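This report describes selected local and long-range features of a predicted protein model. Please consult the sequence and the structure shown below while reading.

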Amino acid sequence: MDEIVMAIAESCKEMALEWSTKEKMEFDHFLHEHPLNFYDAHLLLKEFLDCSGCGEGLSGLICACSTCYNFFLHESCAELPREIQNFFHPCPLLLNILNSYTCNACFKEGSGFTYRCVKCDFDMHVECTQRPAIQSQGDEEELIQHFIHWHPLKLVPPNNHLEVGCAICNKLCFVNAFDSSAYGCQDCNFFVHHSCMIDIPRQINHFFHRSCPLVLLTKIPYQCEGCDEASSGLAFRCGKCKFQLDVKCALLPTIESKDADKIQHPAHEHPLALHESKEFGTEVRCRRCGEHCLLDPCFGCSKRTCTFFLHRKCVVELQPEIHHPFHSLHPLTLLRDLSYQCKVCYEDGLGLAYCCVQCKFLLDVKCTLFPTIESKDADKILHCAHKHPLALCGSKELGDEVRCRACATSYFASSFSCTECNFFLHRSCAVEVQEKEIHHPFHPLHVLTLSSPPPLSHHETFQCSSCLGLDDWFFLRYRCAKCDFELHIDCSKSKVTIPDFKYEGHIHYLSYFDNTLAPVECNICHEDAQTGFFRCVAYAFNIHIYCIRSTPKTIKHERHLHPLTVTKSPFQYEMISAEHANGSNDEFYCDICEKRRYKFESVYYCPECKFIAEVRCVISELLPSLTISEEQSTEKGTVDSRNEGSSAIEATIGNLNDQIAKSKQERKALKKEVEKHREILKGLEEELEQKNWE
């Protein structure tokens, strides 16, 4: 007896020592803003108080805030983990304290402690999260635990004579004795097919609600956003947006299901049911092609108040996202209930359209029905250059006065035409011009749209803002109507560039121009420039190649024995008479290409031999010093730069392509970094929301 008393006394001493040690400790807790201390409840509290978390009375060693004197926790409550994972919910659950909530597991009211998922608006009692899980050991256990129901589900054999429906597929669980097994909770009258229980996901991404994932919740009251039916039970839900889909709508077959009689489609917010054509009158038309639904089977909205129909073939062809040659920069997403103007046919519409949200590019679904120039055997196409379909016509059908809107030539070749508008386009030109809108460095402020100029009242020409050439009004070109900026199709093609040329604190995007149709002034030497120079079209900045500091002023070229030096032109010996000084260029030639040159531009010259080379003919010797390093330049002399196969230009373009590829890789890495920081920000926002709840 004495030994027992001594043991109890020793135990009390150890407890008292532990308490006295803890009472001196101060620690931070994630549920409260101030530090907490350990106290003896009997010594600290003069009146009976409850735990701020579990709501039970306080006794023994407790945790309390000595700053605000209104936050208390049992020692065991303070030791609860901040975050847990539970089979009943796919997301992590964070411990929180709420004034009131409904547990999404047992559906009883609660207050105080809750394990909560803020994103899904999901709560669980602490006691519910601590309930031991039942471990399944085979395919068909007698008793299992599953996230579709809070209570354990018991195996129900097929010969039990129960007439109950599956909570997932809504079909009878048992039609005959040979049906597959099911599981059920008879207390809740909840039954599911074994196969349905295995296949149902905990979380889905659905195109009815692309912005957020949908999480499966049990026994919640809802109004389905798919069929508008109100009920209570299993439903997929976005807690953030309060968007809900019942299980049958969320798991309906999609457009990929060939034999389904009921599907969901991104073109319509409600499920679509298959109908025979004989059910319709002449007033029912397909929302994609606009044709009657009399001949082919159609899918129609399951709601009687909605008159949305699609042909079966249109259901398959109307994809949620497409890549279209008229806008190759980004994919186009199918949107519904839009008020829009199509960028191709320019018709106003209300309903279905393909959209690039980033570029505000809209394409009517009817305009996607026609083949494009990519369809090799099509005799009728839709082209981004014209609002009407273009029919293929042979060379014999075209008269002498017919000219192609792209190249302006009238040579006889296979062409596409719109006779209504007198619009013709060579097949080869139609292949070359396929972009309806482009983003171009020559005009970075706005997008450029492919268009045929309208008839001009005062003049019948337009000037290209790039090459400065004047052309007939009917030419196709890229245009910014806001800024009256015009760009030839040929001028929109890629050029040799210096993308980051700095001058007087400004960065210019310089492009190499072999020739312009009118001279411009060099911003460095203030002399005329017309051939073989660099130009920043966006800021009207022009510079001779030899005015760039890094350009060699003396070079060697394979077409001449001696060095060539930059020299002002024209030369005195070229002047046959005084009138040549300011007159035509007819007698001023380049000795490399043997063609007429612009006489007021400096040339590379050998005074000993009187050998003249204009800048554009020796461009291959100059470019490496501007855009590529010495080890990348070729030792062999180069040929006429106007030949696009020039090795130096190819090397330069190859180097620029490498830079673009490197930039793309860096962009991908930055995107990953941005996503990482977004996740961190998301976590911080959830913590902030938890504190706001407190």
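## Glu594 and the loop before S41

Glu594 has a relative accessible area of 61% and is therefore exposed, the threshold for that class being over 50%. The residue is found in the loop between H9 and S41. Its backbone carries a positive phi of about 60°, although Glu594 is not a glycine.

A second non-glycine residue with a positive phi is Lys610, where the angle is near 55°. Lys610 sits in the loop between S41 and S42. At 45% relative accessibility, this lysine counts as partly exposed.

## The sheet S39-S40-S41-S42

The two loops just described lead into an open sheet of 4 strands, ordered S39-S40-S41-S42 and paired in the antiparallel sense. Strand S39 (554-555) and strand S42 (611-613) each have a single partner strand, so one side of each is left without a neighbour in the sheet.

Within this sheet, strand S40 (residues 564-567) and strand S41 (residues 603-606) are joined by 3 bridges in an antiparallel arrangement. Val566 has Tyr604 in S41 as its bridge partner. In the loop between S40 and helix H9 (579-582) lies Pro570. The peptide bond joining Ser569 and Pro570 is cis, with omega of about 5°.

## Strand S27 and its two partners

Strand S27 (residues 415-418) pairs with strand S28 (residues 423-426) in the antiparallel sense over 4 bridges. S27 and S28 form a hairpin with 4 residues between them, and Asn422 in the turn has a positive phi of about 55°. S27 also runs antiparallel to strand S26 (residues 390-393), to which 3 bridges join it.

Ser415 takes part in both pairings: its bridge partner in S28 is His426, while Cys393 is bridged to Ser415 in S27. In a regular strand the side chains alternate between the two faces of the sheet. In S27, Ser415 and Ser417 point one way and Phe416 and Cys418 the other way, and all are buried.

## The sheet S13-S14-S15-S16

Another open sheet of 4 strands has the order S13-S14-S15-S16, again with antiparallel pairing. Its edge strands are strand S13 (203-206) and strand S16 (243-246), each of which pairs on one side only. From one strand to the next, the twist averages 45°.

Strand S14 (residues 209-223) and strand S15 (residues 230-238) are paired in the antiparallel sense over 7 bridges. Val215 stands opposite Arg237 in S15.

## Nonpolar cores

Which residues touch the most other members of the largest nonpolar core? In this core of 74 residues, they are Leu73, Phe113, Met124, Ile148, Leu153, Ile168 and Val192. S14 supplies the largest share of the core, 7 residues. Domain 1 (1-79) and domain 2 (204-368) both give residues to this core, so the core lies between them.

The surroundings of Ile168 illustrate the packing. Leaving aside residues up to four places away in sequence, Ile168 touches Ile148, Val192, Cys196, Met197, Ile200, Leu234, Val247 and Leu251. Apart from the largest core lies another core, of 68 residues, which includes Val344, Cys359, Leu390 and Ile489.

## His265, a buried loop residue

Is His265 buried or exposed? With a relative accessible area of 0%, His265 is buried, because burial requires a value under 20%. This histidine is placed in the loop between strand S17 (262-263) and strand S18 (272-275).

The side chain of His265 reaches the backbone oxygen of Val315 at 3.1 Å. His265 and Phe208 are separated by 57 residues in sequence, yet their C-alpha atoms are 8.6 Å apart in space.

Note on methods. Residues are numbered from 1 along each chain as its sequence is written. This is a predicted model: local features need pLDDT of at least 70, side-chain atom pairs count only at pLDDT 80 or more; totals for chains, interfaces and linings use all residues. Side-chain values use heavy atoms; hydrogens and water are left out. Buried means under 20% relative accessible area, exposed over 50%, partly exposed in between (1.4 Å probe, protein chains only). A polar contact is a pair of N or O atoms within 3.5 Å; within protein, one must be able to donate a hydrogen and the other to accept it, and residues adjacent in sequence count only if both atoms are side-chain atoms. Two strands pair if DSSP finds at least two bridges between them. Axes are lines fitted to C-alpha atoms, for helices over the stretch in contact, and angles run from 0 to 180 degrees between N-to-C directions. A nonpolar core is a set of buried Ala, Val, Leu, Ile, Met, Phe, Trp, Tyr and Cys residues joined through side-chain atoms within 4.5 Å. Domain bounds come from an automatic or database domain assignment. Contact means heavy atoms within 4.5 Å.
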